[in-house]
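Here's a quick briefing to read with the model open beside you. Start with the ligand, then work outwards through the domains to the core.

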Amino acid sequence: MAASIAIDLGTSRTRIFVPKKGVIVDEPSVVAIEPKTREIIAVGDEAHEMLGRTSKRRQVVFPLLGGMICDYYLIENMVRVFLKRARRAKLIMPKAVICIPGEVTDVQKMAAINAIEAAGVRRVHVIEAHIAAAIGSGVEVKNPHGSMIVNIGAGTTDIAVISLNGLVSSNSVRMAGDNMDEEIIKYMKREHKLAIGKKTAETIKIEIGSVLPQVKKLVFRSKGRDSITGMPKWVDVHSEDISKILYKIADKIITKISNMLELTAPELVGDILEDGVFLSGGCAQLSGFNELIGERTGLKVSLVEDPIYCVARGTGYAISYMKCASRSKNFGIIDPLSME
Ligand SMILES: Nc1ncnc2c1ncn2[C@@H]1O[C@H](COP(=O)(O)OP(=O)(O)OP(=O)(O)O)[C@@H](O)[C@H]1O
Ligand SMILES: [Mg+2]
């Protein structure tokens, strides 16, 4: 069946969305390769299972960093496998809209389009991540009322102010969930002399993490390698210590949100004061994040429905505009806000 799909190439996960079907692929953006030949061993869930269990003959790589593609060959091969998996939903050589960060260069845009087309997509159009997040959040983008949308993912935080069918301002910050995982790894090494991998750090963050001090104190039993003796060991990690680490990253993200509010026209800030901030992305689910943003900005903050699929949904919405978008002009960028 000829179909059109939306691809949200996220730093931590790739989602393929099909209108009327929903998300049909949601797998880690990870590839396992043979380091010398760069032969692909596994992708997605299978490759993620191997994370932290690498050897001389097997390396696990994230082909996106901070929302940007850093290895086009791996992206092409990863997307090819995901499309094969999506074919169980009977999709053959579909057309696709892909979502990319707003500030990528023309060369990066072209390389991303070429990689996805080489993976087996007939024609690729592009939507900017800020716009996809705004549309996917379900906020009323058509009216003259201003809204603020913040998508906190793994590699980037996208902040946008939308009004009157247009993007008023936007900012993409390379600070999100992955930075929190890295800080947990450093903390474990520094304070507990325990070497842990990214997977364990992420589990600690999700299981006991909060950006605000919690009334209920939680403990996570972490295993890892003693960084002095090299022997395996267990360490009890306390939520109040993790909370301090996560707060520092959250604080930097909130400063960027405040900076954008300071630069926004007073009428629009008034609108945002009424409606509040719409929060999406996986990391936005972190305990206390919406309360902390609310506390610091004085705004009401709401987590959108299915926050992890917000960008994929918004990218999917752009599919119906593919016919009106010219591929020869501006890399086939679709901006449904200005095309309404
Ligand atoms: N329940 C949760 N609580 C806290 N953090 C979470 C939760 N679920 C996922 N995350 C974190 O959210 C991040 C992934 O979010 P998301 O899927 O939106 O990112 P992405 O789209 O892959 O990345 P990006 O948009 O930055 O390129 C990861 O850092 C993950 O650890
Ligand atoms: Mg994302």
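A word on terms before the ligand shell: helices and strands here are DSSP runs, at least four residues for a helix and at least two for a strand, numbered from the N terminus. Keep in mind that this is a predicted model. The chain splits into domain 1 (4-131 + 311-339) and domain 2 (140-303), and ligand 1 lies between them, because both domains give residues to the shell around it.

**Around the ligand**

- There are 21 residues around ligand 1, and the ones that come nearest are G10, T11, G153, G177 and G282.
- Two elements, α5 (177-192) and α6 (198-208), give two or more residues each to that shell.
- Which element gives the most to the shell around ligand 1? That's α6, with 3 residues.
- By class, the shell around ligand 1 has 11 polar residues, 6 nonpolar and 4 charged.

**Where the domains meet**

- Domain 1 and domain 2 have C-alpha centres 24 Å apart.
- On the domain 1 side, 18 residues are in contact with 20 residues of domain 2.
- β7 (64-65), α4 (129-136) and α11 (336-339) each put at least two residues into the side of domain 1 that touches domain 2.
- The most comes from α4, which gives 3 residues to that side of domain 1.
- That side of domain 1 is made up of 9 polar, 8 nonpolar and 1 charged residues.

**Helix α4, a closer look**

- All the way along, α4 is covered: 8 of its 8 residues are buried, so the helix is largely enclosed by the rest of the structure.
- Alanines turn up repeatedly in the buried list for α4, including A129, A132, A133 and A134.
- H130, I131, I135 and G136 of α4 are buried too.
- After α4 comes G138, which has a positive phi, near 85 degrees.

**Strand β1 and its partners**

- Strand β1 (residues 4-9) is mostly covered, with 6 of its 6 residues buried.
- Is that cover on one face or both faces of β1? Both: S4, A6 and D8 are buried on one side, and I5, I7 and L9 are buried on the other.
- In a regular strand, side chains alternate between the two faces of the sheet.
- β1 runs parallel to strand β9 (residues 95-100), and 5 bridges join the two.
- In that pairing, A6 stands opposite V97 in β9.
- β1 also runs antiparallel to strand β2 (residues 13-18), this time with 4 bridges.
- D8 of β1 stands opposite R15 in β2.
- The turn from β1 to β2 is a hairpin, with 3 residues between the strands.

**The nonpolar core**

- The largest nonpolar core has 102 residues, and I7, A96, I98 and I116 are those with the most contacts inside it.
- Helix α7 (residues 239-262) supplies the largest share of this core, 9 residues.
- Where does this core lie? It lies between domain 1 and domain 2, because both give residues to it.
- Setting aside neighbours within four places in sequence, I116 is in contact with I7, A96 and I98, and also with V79, V121 and V124.
- I7 ties this back to β1, where it is one of the buried residues.

Notes
Residues numbered from 1 in each chain as written. Chains lettered and ligands numbered in written order. Predicted model: local features only at pLDDT ≥ 70, side-chain atom pairs only at ≥ 80, totals over all residues. Near = placed C-beta within 6 Å. Nonpolar A, V, L, I, M, F, W, Y, C, P; charged D, E, K, R; others polar. Domains from an automatic or database assignment. Contact = placed C-beta atoms within 7 Å. Buried ≥ 20, exposed ≤ 12 C-beta atoms within 10 Å, placed from the backbone. Pairing = 2+ DSSP bridges. Core = buried A, V, L, I, M, F, W, Y, C linked by C-beta atoms within 7 Å.
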